[in-house]
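Student: I am new to this structure and should be grateful for a close look at a single part of it. Please explain each term as it arises.

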Amino acid sequence: MVALDLIRAPLFVPANRPERFAKAAASQTDAVILDLEDAVGPEQKDKARSQLRCDFTQKPVLVRVNACGTPWHEDDMAAISTFPFAGIILPKAEDPMVGATLSRAGARKMPLFPLIETARGLAQARNIAAHAGVQRLVFGSIDFCADLGCEHRRKILLPARSELVLASRLAGRAGPIDGVTARLDDCSEARADAEHACALGMTGKLCIHPRQVPEVLLGFAPSAWAVDWARRVLDSGDGAVALDGAMIDEPVRLRARQIIAAMSKG
């Protein structure tokens, strides 16, 4: 099973479509997310809960519940507590005591993936990331833009993504998981978005279609040029040396080691 900190391209599947569970797991995804929230209409919530399972794959199975304060949250928490899910994705996370909130809702202790998708959530991201029950932060970029009334563009969202990377680092967590790419007719956009997120220090990206998964994985994989550069840096010896006209010292070698490690995780 893939370690939760190494998940790069988790794939959403509506929890009320059990015939899709195994198909999603059979894709190149490294984790499946059963969605009880946005992908399931109000009239289908009860049915979706009754069809939850996680025995269809050896890959991690996460579950996205409905947000705290919604009419469905407590029933979601009661339903998932009987399954060994790998983690809980909590939408509209804004409370630094997110773990205590879930405990009061009757949830069995599972790793938490708070979904930061509001201005208030971003303002509390460092405190949320520091909570003992949190595994990784997740960026709900589309909802975030709706909350702020801004456009969903890379330059506009740069400060938010950078803050989530910083919050994760300060808390000693793995880099955050980026939000979805809504466009489905051109999956190269998902790859470009993944490359952008990776360059910022994010370490995964939510997927909404199996076709996006291989593109996202490629987006987070080091390029052949980067791997070659990293190997030559590590072969350059110790201390301060010159390579390709640039100075190489220990901070540069640290980055080279990270690239080689990322390659091995792929």
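Tutor: A residue is called buried when its relative accessible area is under 20%, exposed when it is over 50%, and partly exposed in between (1.4 Å probe, protein chains only). Helices (H or I, at least four residues) and strands (E, at least two) are DSSP runs, numbered from the N terminus. This is a predicted model, in which local features need pLDDT of at least 70 and side-chain atom pairs count only at pLDDT 80 or more, while totals for chains, interfaces and linings use all residues. Residues are numbered from 1 along each chain as its sequence is written, and side-chain values use heavy atoms, with hydrogens and water left out.

The part chosen here is strand β4, residues 87-90. Gly87 and Ile89 on one side are buried, as are Ile88 and Leu90 on the other, so that both faces of the strand are covered. Two strands count as paired if DSSP finds at least two bridges between them. Strand β3 (residues 61-64) runs parallel to β4 and is joined to it by three bridges; within this pairing, arginine 64 stands opposite isoleucine 89. Strand β5 (residues 112-116) also runs parallel to β4, again with three bridges, and here isoleucine 88 stands opposite leucine 112.

The path between β3 and β4 includes helix α3 (residues 73-80), and the three elements make a right-handed β-α-β unit. Right-handed means that, with the strands pointing away from the viewer, the path from the first strand over the helix to the second runs clockwise.
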